[in-house]
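Work through the exercises below with the sequence and the structure open beside you. Try each task before you read its solution.

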Amino acid sequence: MLFSEYLGFMEEKINSMLKEEVANLEIPSKNIKDALIYSLQGGKRFRPAIMGFLAEEIQVDEEDFLLLACSLEMIHAYTLVHDDLPAMDNDDERRGQPSLHKKFNEYTAILAGDALQSEAFYILSSSRLNIPTSLQLQIINTIADKIGSKNLISGQMFDLEFNKTLPANLPNLQKIHLLKTAKFIALPLVLIAMLAYKDEHFIAKIQDYGEKLGVMFQIVDDLKDTKDKGVNIVNFLGKSATLNLLEELDTISKQKATSLGLTNMHQINDFIMGVSKNA
Ligand code: GRG
């Protein structure tokens, strides 16, 4: 199946799973339950789709990673809800709808973000994952590392400090892209490699590939949205040099995938490059 088709297939599957996950939660506060449902609607499900694409290449069964994919989407949704808050990026819209704090209010958005993160780890640590406990612990540990203060949180912190207490220069911007976006695009691929019991060498290489893909993903996001954003690579390099960098990353990352025997993953590159053409 083409990656673009697979994305649609995964979107439907994850949407219905997430709906069911939240429906089954016994939450005393109806407002929080409604906010969780709202926050989980409308994503592209890019991270689950890249998981599935790699899973097919290295023979990991769907039932072994779908709950993991749902947990990652919950964590992803939490970061978006919190990022949209007035104290952070102050965005009124998300996924074509009012952002959560606009639809509900600020304290609901803060608590819904917190809840999304806890519910994700509740699923991740449950026996429903049906994998050996030692592997499950390693997976939880890896996720906590990538979304914690060593990675995602510092990336977001630097983003908020950029051009204020943090000098606005290209190395700092690239550090933000790596920590805030790229590590969280590499993570789903690393988790699939862990489920397949791949060795350290493979995991380091797939992480490297995923990070390059993540930087490409962020660059395309920057190309799509250049208005009033200081933290945007197009403002530093200009459009033509940004497109050249994107091409370069595409070539390098495809070589990395090829060296792992994963040529089907090139379709993910092509999908990202395709989005850049319409930017
Ligand atoms: C609040 C801890 C914390 C972190 C926020 C994710 C993030 C960090 C900020 C969001 C802003 C942004 C532009 C992030 C770059 C990554 C990105 C393009 C996220 C959007 O991901 P998509 O396109 O979103 O997969 P959908 O809506 O399709 O799920």
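**Exercise 1.** Decide whether serine 99 is buried or exposed, and find which residues it touches beyond its neighbours in sequence.

Solution. This is a predicted model, and the values below are computed from it.
Step 1: Serine 99 sits in the loop that runs between strand S2 (97–98) and H5.
Step 2: A residue is buried when its relative accessible area is under 20%. Serine 99 has 0% relative accessibility, so it counts as buried.
Step 3: Setting aside residues up to four places away in sequence, serine 99 touches Tyr38, Asp84, Asp91, Asp92, Glu93 and Arg94.
Step 4: Leucine 85 is 14 residues from serine 99 in sequence, and their C-alpha atoms are 8.4 Å apart.

**Exercise 2.** Classify histidine 101 as buried or exposed, and list its contacts.

Solution.
Step 1: Histidine 101 belongs to helix H5 (residues 100–103).
Step 2: The relative accessible area of histidine 101 is 8%, so this residue is buried.
Step 3: Apart from neighbours within four places in sequence, the contacts of histidine 101 are Asp84, Leu85, Pro86, Asp91, Glu106 and Ala109.

**Exercise 3.** Describe the surroundings of the ligand: which residues come nearest, and which elements supply the shell?

Solution.
Step 1: There are 17 residues around the ligand, and those that come nearest are Lys44, Arg47, His76, Arg95 and Gln218.
Step 2: Look at the polar atoms. A side-chain N or O atom of lysine 44 is 2.4 Å from an oxygen atom of the ligand. For histidine 76, the distance from a side-chain N or O atom to a ligand oxygen is 2.8 Å. Arginine 95 also has a polar side-chain atom 2.8 Å from an oxygen atom of the ligand.
Step 3: On its own the ligand has 710 Å² of accessible area, and the protein covers 92% of this.
Step 4: Two or more shell residues come from each of helix H4 (62–83), helix H8 (152–161), helix H9 (170–195) and helix H10 (200–224). H4 gives the most, with 6 residues.
Step 5: Sorted by class, the shell holds 7 polar, 6 charged and 4 nonpolar residues.

**Exercise 4.** Glutamate 73 has a charged side chain. Find out whether glutamate 73 is buried or exposed, and what it touches.

Solution.
Step 1: Glutamate 73 is part of helix H4.
Step 2: With 1% relative accessibility, glutamate 73 counts as buried.
Step 3: Not counting residues up to four places away in sequence, glutamate 73 touches Ile14, Leu18, Leu40, Arg45, Arg47, Pro48 and Arg95. Two of these, Arg47 and Arg95, are also among the residues that come nearest to the ligand.
Step 4: Lysine 44 is 29 residues from glutamate 73 in sequence, with 9.9 Å between the C-alpha atoms.

**Exercise 5.** Compare glutamine 59 and asparagine 90: what are their phi values, and is each one buried, partly exposed or exposed?

Solution.
Step 1: Recall that most residues other than glycine have a negative phi.
Step 2: Glutamine 59 has a positive phi of about 55°. Asparagine 90 has a positive phi near 55°.
Step 3: Glutamine 59 lies in the loop between helix H3 (46–57) and H4, and asparagine 90 in the loop between H4 and strand S1 (93–94).
Step 4: The cut-off for exposed is over 50% relative accessible area. Glutamine 59 has 67%, so it counts as exposed. Asparagine 90 has 43%, so it is partly exposed.

**Exercise 6.** Locate asparagine 232 and state which backbone oxygen its side chain reaches.

Solution.
Step 1: Asparagine 232 is in the loop between H10 and H11.
Step 2: Its relative accessibility is 0%, so asparagine 232 counts as buried.
Step 3: The side chain of asparagine 232 reaches the backbone oxygen of aspartate 222 at 3.1 Å. These two residues are 10 apart along the chain, and their C-alpha atoms are 5.6 Å apart.

**Exercise 7.** State how many residues the largest nonpolar core has, and which element gives the most to it.

Solution.
Step 1: The largest nonpolar core has 89 residues, and Phe65, Ile143 and Ile206 have the most contacts inside it.
Step 2: H9 gives the most to this core, with 13 residues.
Step 3: Take isoleucine 206 as a case. Beyond four places in sequence, isoleucine 206 touches Leu54, Leu189, Val190, Ala193, Leu260 and Leu262.

Technical notes. Residues are numbered from 1 along each chain as its sequence is written. This is a predicted model: local features need pLDDT of at least 70, side-chain atom pairs count only at pLDDT 80 or more; totals for chains, interfaces and linings use all residues. Side-chain values use heavy atoms; hydrogens and water are left out. A residue is near a molecule or strand if one of its heavy atoms lies within 4 Å of it. A polar contact is a pair of N or O atoms within 3.5 Å; within protein, one must be able to donate a hydrogen and the other to accept it, and residues adjacent in sequence count only if both atoms are side-chain atoms. Accessible areas come from the Shrake-Rupley method with a 1.4 Å probe; for residues, only the protein chains shown count as cover. Helices (H or I, at least four residues) and strands (E, at least two) are DSSP runs, numbered from the N terminus. Buried means under 20% relative accessible area, exposed over 50%, partly exposed in between (1.4 Å probe, protein chains only). Contact means heavy atoms within 4.5 Å. A nonpolar core is a set of buried Ala, Val, Leu, Ile, Met, Phe, Trp, Tyr and Cys residues joined through side-chain atoms within 4.5 Å.
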